[in-house]
Amino acid sequence: QVQLVESGGGLVQTGGSLRLSCAASKSIFSINAMGWYCQTPGKERELVASITRGGSTNYADSVKGRFTISRDNAKSTVYLQMNSLKPEDTAVYYCAAGLRYLTSRKADYWGQGTQVTVSS
């Protein structure tokens with residue numbers, strides 16, 4: 001079992017930046033895929049960004065060029081740098097871990113979520 005704890009969410013104005021962090025309770029070196037999902041009321045959780053153990057990244061079209069995912073295996077932490085934020089980025093953001101991979105909506109472990117609100 002791996003516990004994931006997110007931090008860094010909050011309220012920011014349009015065009016602002018936030019950096020989300022996800023601390024794992026144990027080493028993530030053996031976890032191939034780490035990622036961030038977002039969810040808004042009435043919608044399913046969607047994969048925003050993911051990163052493999054080897055450093056390969058993947059982003060949803062809506063965040064390409066604005067968000068950057070990174071991982072620090074030594075600190076068992078994953079980050080999501082969010083720049084040029086838009087009101088439509090408002091959501092609860094969840095950190096997730098996939099022992100082998102992540103799908104658009106499925107992961108092996110989830111964090112509790114952190115709220116990001118972008119005001120217009």
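Student: Which residues does A60 touch, not counting those up to four places away in sequence?
Tutor: This is a predicted model: local features need pLDDT of at least 70, side-chain atom pairs count only at pLDDT 80 or more, and totals for chains, interfaces and linings use all residues. Residues are numbered from 1 along each chain as its sequence is written, and side-chain values use heavy atoms, without hydrogens and water. Contact means heavy atoms within 4.5 Å. With residues up to four places away in sequence set aside, A60 touches L47 and V48.

Student: Where is A60 found?
Tutor: Start with the elements. Helices (H or I, at least four residues) and strands (E, at least two) are DSSP runs, numbered from the N terminus. A60 is in the loop between β6 (57–59) and β7 (67–72).

Student: What separates the C-alpha atoms of A60 and Q1?
Tutor: Along the chain, A60 and Q1 are 59 residues apart. In space, their C-alpha atoms are separated by 27 Å.

Student: Is S21 buried or exposed?
Tutor: S21 sits in strand β3 (residues 18–24). Buried means under 20% relative accessible area, exposed over 50%, and partly exposed in between (1.4 Å probe, protein chains only). The relative accessible area of S21 is 17%, so S21 is buried.

Student: Why is β3 largely enclosed by the rest of the structure?
Tutor: Look at S21 in β3. Leaving aside neighbours within four places in sequence, its contacts include V5, W36 and Y79. Now take the whole strand. β3 is largely enclosed because, of its 7 residues, the number buried is 5.

Student: Over how many bridges do β3 and β8 pair?
Tutor: Two strands pair if DSSP finds at least two bridges between them. One bridge sets R19 against Q81 in β8. β3 and β8 run in the antiparallel sense, and they pair over 6 bridges.

Student: Which residue stands opposite S21 in β3?
Tutor: Strand β1 (residues 4–7) also pairs with β3, in the antiparallel sense over 4 bridges. Opposite S21 in β3 stands S7.

Student: How many residues does the largest nonpolar core have?
Tutor: A nonpolar core is a set of buried Ala, Val, Leu, Ile, Met, Phe, Trp, Tyr and Cys residues joined through side-chain atoms within 4.5 Å. In soluble globular proteins, nonpolar side chains tend to be buried together. Here L4, M34, W36, L80, M82 and Y93 have the most contacts inside the largest core, and its residues number 30.

Student: Which elements each supply at least two residues of this core?
Tutor: They are all strands, and they carry these names. At least two residues each come from β3, β4 (33–39), β5 (46–52), β7, β8 (77–82), β9 (91–98) and β11 (114–119).

Student: How many residues are in the other core?
Tutor: This core lies apart from the largest one. Y37, A96, L102 and A107 are among its members, and the total is 6.

Student: Which residue in β11 is the bridge partner of Y93?
Tutor: β9 and β11 run antiparallel, joined by 3 bridges. Y93 also touches residues including G113, T114 and V116. Its bridge partner in β11 is T114.

Student: Which side chains of β11 point to the buried face?
Tutor: The side chains alternate along β11. Q115, T117 and S119 point to one face and are not buried. Pointing to the other face, and buried, are T114, V116 and V118.

Student: How does V92 count by relative accessibility: buried or partly exposed?
Tutor: V92 lies in strand β9. Its contacts beyond four places in sequence include Y37, G113 and Q115. Relative accessibility is 22%, so V92 counts as partly exposed.

Student: What is the volume of the largest pocket?
Tutor: On a 1 Å grid over the protein atoms alone, a pocket is an open set of points where a 1.4 Å probe fits, with protein on both sides within 12 Å along at least five of seven lines; lining residues have an atom within 4 Å of a point. Grid points are joined across faces, edges and corners, and a volume is the space filled by probe spheres set on the points. For the largest pocket that comes to about 280 Å³.

Student: Which residues lie nearest the centre of the largest pocket?
Tutor: The lining has 19 residues. β5 gives the largest share, 3 residues. Nearest the centre lie C38, E46, S62, E88 and D89.
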